[in-house]
Amino acid sequence: LNSLPYSSNSDIILKSKSLRQQINFEVWKNSSLFLNRYQLRNIEGKDGIGTIVAPPGYGKTYLCKLIISTFLKKNPNYRFLIVCKYTQLMKPFSDIFGSYQSVDITSAAALSNSDCPYLNKSYDCLILDEIHELLSDNLVETLKAIPHKGRLGLTGTPPEKYEKRRLLDEFCPIVDKITKTEAENRNWIVSAKEVNFLLNLTDAYEPDVIRKIDELNDTISSLLDVFDSDLGQVSKCTNIVYAQHFVSRDLRKANLSPKTVQTYAFQLQALITKRQNIFNLAPLKIHTTRQILEMLNPEQVLVYSSSIVFLNSLAEHMQTMHNKEVHVVHSKMKGKQVLVDGKLKKLGAAKYKDWILSSFQAGNIQYVGANKGLGVGYSHDKLKYVIITSGQRSSENYEQQKGRAERTDKDDINKKSIVINVVFKDTIDESKLNIRQKHSELGTIQYVESLNELKECLES
């Protein structure tokens, strides 16, 4: 292996039969794998252990079907366990493998139960869907405890945080990458146009409110200095034991007591939430999003927000002003009475959520609002428009949300997709978007500041 040539990006290219053409335990190790030096050390001597990275919309569920079919043709007695982070992500696999006696499907939550039946079975291969969502010390130890031979991770967005990346490298290192450029060039996905709709804060609030926002920014900045601008440390320091460790390890913090640091951490979290609400719940942002939905009519649109209050307010405005319903999906949603097979039926929260998503896929409802929980694994090939009104500093979540509109449509080979971000210009709102878009190609993002400019952009 050490004698193989290095490419310009310091990756080693192992040239053999492509992993994408034929997959079995033997070929897996010797396929067209892209490995850096550290990954080589991890995978040497291991049989069938690795993660495949492919952009959202590539078809990882279909790839999983090909892998399992290949294994079962070789040996019908092979057994597989597919692990998904969320119950909703199990459905595509259940639709395909529900009748397979050799395939078990479970959620991460189910594995945490001591009476989980899969913990006492033996498998030839674990398939870990959206493995970046499964990377916690406890869950990885649980997965290791399940008797198995091969281990395949699938993800569209490899983790960026050090701890999660360390777990991935140790437990199931990346062995193959299908880049977004390759997927676009091969027409495996549709590249969405990104449009940033910039709102002016002065159009949203009176001068005295803006002055208070400036004061809030100053207070947050001062408190962040205590934690070296590390939001991860802020969260940890809400625990008094960690706050004590935080103070003792840094001489610059010697004048602070652990209790003071803990108090600062709680205050900072509250102030950041207050600031987020100022931007997320601004009537101007709700009003503009509603106008964009009307502009896109009669297209289907998926609207993302980190605020459930925003989504509910948008739904209320659309119902009141346009007599159109925005179906909101989130973790705290309640059941509802809906039309099923021509009859009104009261559905619980879980079944109502399934009804919304399946109805959206079928084209029977026009608008869905969701938080980041719907950003992973949801498939709707005909969806062309996504609006994102807020989010955290996570390019992983952003790429997943954007990916909902980037799936190819076999009925529309010329499909064009648009992702519209609605943010306040020159504020933390826009700064967080810039971080989320750090993987977007330079020069490809278009900026608009009015509905007329947006209309021209969409028509071009």
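Two strands are taken to pair if DSSP finds at least two bridges between them. On this basis Val301 stands opposite Tyr367 in strand E14, in a model that is predicted.

The protein has 460 residues, of which buried residues make up 49%. Its secondary structure comes to 19 helices and 17 strands. The accessible surface of the protein is about 22800 Å², with 49% of that area belonging to carbon and sulfur atoms. Among contacts between residues at least 6 apart in sequence, 70% join residues at least 24 apart.

One open sheet contains six strands, paired in parallel and arranged in the order E5-E4-E6-E7-E3-E8. Its edges are formed by strand E5 (103–107) and strand E8 (174–177), each of which pairs on one side only. From one strand to the next, the twist in this sheet averages 20°. Within the sheet, strand E3 (residues 49–53) and strand E7 (residues 148–155) are joined in the parallel sense over five bridges. Ile52 has Leu154 of E7 as its bridge partner.

Helix packing is illustrated by helix H6 (residues 137–145) and helix H7 (residues 162–171), whose axes lie 11 Å apart at an angle of about 10°. Angles under 35 degrees count as roughly parallel, and H6 is therefore roughly parallel to H7. H6 contributes Asp137, Val140, Leu143 and Lys144 to the contact, while H7 contributes Arg166, Leu167 and Phe171. Four of the residues in the contact of H6 with H7 are nonpolar and three are charged, with no polar residues.

A further open sheet is built from seven strands, again with parallel pairing, in the order E11-E14-E10-E15-E16-E9-E17. Strand E11 (326–329) and strand E17 (446–448) occupy the edges; each has a single partner strand, so one side of each is left without a neighbour in the sheet. The twist from one strand to the next averages 20°.

Pairing in this sheet can be followed from strand E11 through strand E14 and strand E10 to strand E15. E11 and E14 run parallel and are joined by four bridges, with Gly369 in E14 as the bridge partner of Val328. E14 is likewise paired with E10 in the parallel sense, over four bridges, and here Val301 stands opposite Tyr367. Strand E10 (residues 301–304) also pairs with strand E15 (residues 385–388), in the parallel sense and over four bridges. Val301 has Tyr385 as its bridge partner in E15. Val301 thus has a partner in E14 and another in E15.

The side chains and backbone positions of E14 were examined next. Tyr367 and Gly369 point one way from the strand, whereas Val368 and Ala370 point the other way, and all are buried. Two of these residues have already been named in pairing: Tyr367, opposite Val301, and Gly369, the partner of Val328.

Two helices lie across the seven-stranded sheet. Helix H14 (residues 283–296) lies across strand E9 (193–199), E10, strand E14 (367–370), E15 and strand E16 (418–424), and runs at about 160° to E16. Angles over 145 degrees count as roughly antiparallel. Helix H16 (residues 349–361) lies across E10, E11 and E14, with a direction at about 130° to E11. Strands E10 and E14 are thus among those crossed by H14 and by H16.

Note on methods. Residues are numbered from 1 along each chain as its sequence is written. This is a predicted model: local features need pLDDT of at least 70, side-chain atom pairs count only at pLDDT 80 or more; totals for chains, interfaces and linings use all residues. Side-chain values use heavy atoms; hydrogens and water are left out. Axes are lines fitted to C-alpha atoms, for helices over the stretch in contact, and angles run from 0 to 180 degrees between N-to-C directions. Contact means heavy atoms within 4.5 Å. Angles under 35 degrees count as roughly parallel, over 145 as roughly antiparallel, 65 to 115 as roughly perpendicular and the rest as oblique. Ala, Val, Leu, Ile, Met, Phe, Trp, Tyr, Cys and Pro count as nonpolar, Asp, Glu, Lys and Arg as charged, and the others, Gly among them, as polar. Buried means under 20% relative accessible area, exposed over 50%, partly exposed in between (1.4 Å probe, protein chains only). Accessible areas come from the Shrake-Rupley method with a 1.4 Å probe; for residues, only the protein chains shown count as cover.
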